[in-house]
Amino acid sequence: MSTHLEARPGAIAPIVLLPGDPLRAEYIAKTYLDHVTRYNTVRNAFGYTGEYQGVRVSVQATGMGIPSISIYVTELIVDYDVQVLIRVGTAGGLNPAVHVRDVLLAQGSTTDSSIILNTFGPGMYFAPLADFGLLHQAYDQAQAMGIAVKAGNILGEDRFYNDEMDRHQLIKYGVLATEMETPALYLLAAKYQRRALAILTVSNHLVTGEETTAQERQTSFDDMLKLALEVVKGL
Ligand SMILES: O=P(O)(O)O[C@H]1O[C@H](CO)[C@@H](O)[C@H]1O
Ligand SMILES: O=c1cc[nH]c(=O)[nH]1
């Protein structure tokens with residue numbers, strides 16, 4: 001047990017998929033995994049362990065935002081010795097080259113969060129990066145599966161509703177999309193020397209106003225999830 005997870009020792013696999021939404025965790029477990037057990041219901045942050053084509057893998061909901069994912073990632077690493085963490089999340093498009101339903105690989109994550117300042121002190125702007133091996137593997141796997149992914153910098157914001165933020169400069173500098181957890185995932189992976197990657201599906205576009213229907217969201221989620229699981233299988 002850890003403070004927020006009731007899993008017994010050994011109940012969580014060394015490789016974990018991390019959706020924000022607990023119902024996405026349930027969907028992944030029910031749709032893609034065999035021999036599934038649910039190891040966590042604390043706060044309804046569902047956690048499951050099962051097998052994907054013979055490979056043991058867990059799925060842990062992280063909730064929304066940096067404070068929430070930081071709790072789950074820290075406990076997964078420190079209390080359950082998880083080695084590989086792959087976020088499977090949604091993002092809002094920023095760049096005109098990005099469209100709803102696109103699957104993105106977060107090569108790095110810019111952030112307005114204070115986590116970098118609080119970790120390194122003033123004047124040091126640490127760049128939270130994906131594990132290169134996972135990124136490379138996910139990119140190659142996506143090509144093999146015919147999934148058109150874009151890899152690049154994403155924004156991990158502190159607030160979903162943030163009228164005050166001017167994102168235009170970031171868009172000019174090539175930032176693809178915005179979400180709310182990846183900088184913390186990459187920072188903690190760096191801290192504990194674990195491997196992490198965020199794979200994101202674009203669910204809406206903040207500049208063009210494009211939206212997805214529930215059905216379209218499901219299909220593009222499935223592309224992202226199959227990609228993540230094939231990466232897991234290749235580890
Ligand atoms: O779909 P998930 O994984 O929750 O990710 C995105 O969706 C939530 C906001 O709606 C934030 O958590 C954001 O990062
Ligand atoms: O954080 C997020 C996630 C999806 N869409 C957004 O606009 N923001």
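Which strands each supply at least two residues of the shell around ligand 2? In this predicted model, the strands that meet this description are β5 (84-93), β8 (177-179) and β9 (195-205). The greatest contribution to the shell around ligand 2 comes from β5, with three residues. The full set of residues around ligand 2 comprises Thr90, Ala91, Gly92, Phe160, Thr178, Glu179, Met180, Ser203, Asn204 and Leu206. By class, this shell consists of four nonpolar residues, five polar residues and one charged residue.

The surroundings of ligand 1 are formed by Pro19, Gly20, Asp21, Met64, Gly89, Thr90, Phe160, Glu179, Met180 and Glu181. Here the division is four nonpolar, three polar and three charged residues. Thr90, Phe160, Glu179 and Met180 belong to the surroundings of ligand 1 and are also listed around ligand 2.

An unreviewed UniProt entry lists His4, Glu179, Met180, Glu181, Ser203 and Asn204 under "binding site". These positions span 201 residues of sequence and are likewise spread in space, with C-alpha atoms up to 31.0 Å apart. Two of the listed residues, Glu179 and Asn204, were examined individually. Glu179 is located in strand β8 and is classed as buried because 26 C-beta neighbours fall inside 10 Å, the threshold being 20 or more. Leaving aside residues up to four places away in sequence, Glu179 touches Gly89, Thr90, Ala91, Ile154, Gly156 and Leu200. Asn204, by contrast, lies in strand β9 and is partly exposed, since 16 other C-beta atoms are found within 10 Å. With the same exclusion of residues up to four places away, the contacts of Asn204 are Gly92, Val100, Glu210, Glu211 and Thr212.

Helix α6 (residues 182-192) is mostly covered, with eight of its 11 residues buried. The buried positions are Thr182, Pro183, Ala184, Leu185, Tyr186, Leu187, Leu188 and Ala189. Gln193 follows α6 and has a positive phi, near 55°.

Overall, the protein chain contains seven helices and nine strands. Its radius of gyration is 17 Å, close to the 18 Å given by the globule rule for 235 residues, so the chain is as compact as a globular protein of that length. Along the principal axes, the C-alpha atoms fill a box of roughly 45 × 40 × 30 Å. Of the 235 residues, 45% count as buried. Among contacts with a separation of 6 or more, 75% are accounted for by residues 24 or more positions apart.

Conventions
Residues are numbered from 1 along each chain as its sequence is written. Chains are lettered from A and ligands numbered from 1 in the order in which they are written. This is a predicted model: local features need pLDDT of at least 70, side-chain atom pairs count only at pLDDT 80 or more; totals for chains, interfaces and linings use all residues. A residue is near a molecule or strand if its C-beta atom, placed from the backbone, lies within 6 Å of it. Helices (H or I, at least four residues) and strands (E, at least two) are DSSP runs, numbered from the N terminus. Ala, Val, Leu, Ile, Met, Phe, Trp, Tyr, Cys and Pro count as nonpolar, Asp, Glu, Lys and Arg as charged, and the others, Gly among them, as polar. A residue is buried if 20 or more other C-beta atoms lie within 10 Å of its own, exposed if 12 or fewer, and partly exposed in between; C-beta atoms are placed from the backbone. The radius of gyration is taken over C-alpha atoms; the globule rule is 2.2 Å times the number of residues to the power 0.38. Two residues are in contact if their C-beta atoms, placed from the backbone, lie within 7 Å. UniProt positions are given in the numbering used here, feature names are shortened, and annotations may be inferred rather than shown by experiment.
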